[in-house]
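Biologist: Could you take a close look at one part of this model for me, the start of one helix, and then work outwards from there? I'd like a connected walk-through rather than a list.

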Amino acid sequence: MRDAICHFIDRATPFKACCEAADGVAAVEKVKERAPALVILDLSMPGMNGVETASVLRSMLPGTKIVGFTTFDEEFRRSLLATTAFDMILSKHEGLAKLAEVVSALLPASDPNNS
């Protein structure tokens, strides 16, 4: 799924996906190395889950946009968004096209290399 998301972001938005990580700990390490403008996290990642990872990332890079991508229901996503470090939480059921819309909305179009 990570690979599909990266390829879709590259094709469907003016932005370039710069890396992917298998779990929350690896995501934190990649963000330290690259300081991306946007991070997409699965809430059910192994090791450190997406909520924990988002909290760590928000403290490291407060300006980075963080999107949660999950299968959890809408009510849970709304409550999580109100209490966590995410800028947006989407359902995987909404599809990659919706994710591309959110990426384009959260990032300034003038700097497509900052994703």
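Modeller: Let's start at N49, which caps the N-terminal end of α3. One of its side-chain oxygens sits 2.9 Å from the backbone nitrogen of V51. Bear in mind that this is a predicted model, so everything below is read off predicted coordinates.

From that cap, follow the helix along. α3 spans residues 50–60, and its buried residues are G50, T53, A54, L57 and R58. They all lie on the same side of α3, because the arc they cover around the axis is only 135°. The general rule behind such a pattern is that an α-helix has 3.6 residues a turn, so residues three or four places apart point the same way. What does that buried side of α3 pack against? The partners are α2, β1 and β2.

Two of those buried residues, A54 and L57, turn up again in the largest nonpolar core. That core has 15 residues, and A54 and L57 are among those with the most contacts inside it, along with V39, L41, I66 and F86. α2 (24–34), β1 and α3 are the elements that each give two or more residues to this core, and α2 gives the most, with 3. As a general point, nonpolar side chains tend to be buried together in soluble globular proteins. Apart from this core there is another one, of 14 residues, including I9, F15, A17 and L107. I'll come back to that one below.

Now leave α3 by its far end. The loop between α3 and β2 holds P62, which counts as exposed because its relative accessible area is 61%, over the 50% cut-off. The C-alpha atoms of P62 and A85 are 9.2 Å apart, although 23 residues separate the two in sequence.

After that loop comes β2 (65–70), which is mostly covered, with 5 of its 6 residues buried. The strand belongs to an open sheet of 3 strands, ordered β1-β2-β3 and paired in parallel. β1 and β3 (88–91) are the edge strands, each pairing on one side only. From one strand to the next, the twist averages 25°. On the β1 side, β2 pairs over 5 bridges in the parallel sense, and one pairing there sets L38 against K65 of β2. On the other side, 4 bridges join β2 to β3, again in parallel.

V67 is a good residue to stop at in β2. V67 counts as buried because its relative accessible area is 0%, and its bridge partner in β3 is M88. Which residues does V67 touch once its neighbours within four places in sequence are set aside? The contacts are L38, V39, I40, L41, F86, M88, L90, L99, V102 and L106. F86 is 19 residues away from V67 along the chain, yet their C-alpha atoms are separated by 5.7 Å. F86 also takes us back to the largest core, where it is one of the residues with the most contacts.

β1 deserves a look from its other end too. The loop between α2 and β1 is where A35 sits. A35 has a positive phi of about 45° even though it is not a glycine, and it counts as partly exposed because its relative accessibility is 47%.

That leaves helix α1 (residues 2–12), with I5, C6, F8 and I9 as its buried residues. These four are on the same side of α1, since they cover an arc of only 165° around the axis. They pack against β1 (38–42), β2 and α5 (95–106). So β1 and β2 take contacts from the buried residues of α1 as well as from those of α3.

I9 of α1 also brings us to the other core, whose members include L107. L107 lies in the segment after α5 and counts as buried because its relative accessible area is 6%. The C-alpha atoms of L107 and P14 are separated by 9.9 Å, with their positions 93 residues apart along the chain.

Note on methods:
Residues numbered from 1 in each chain as written. Predicted model: local features only at pLDDT ≥ 70, side-chain atom pairs only at ≥ 80, totals over all residues. Heavy atoms only, no water. Buried < 20%, exposed > 50% of the residue type's maximum accessible area, 1.4 Å probe, protein only. Arc of directions from axis to C-beta. Contact = heavy atoms within 4.5 Å. Pairing = 2+ DSSP bridges. Axes fitted to C-alpha atoms, helices over the stretch in contact; angles between N-to-C directions. Core = buried A, V, L, I, M, F, W, Y, C linked by side-chain atoms within 4.5 Å. Polar contact = N/O pair within 3.5 Å; in protein donor to acceptor, adjacent residues only side chain to side chain.
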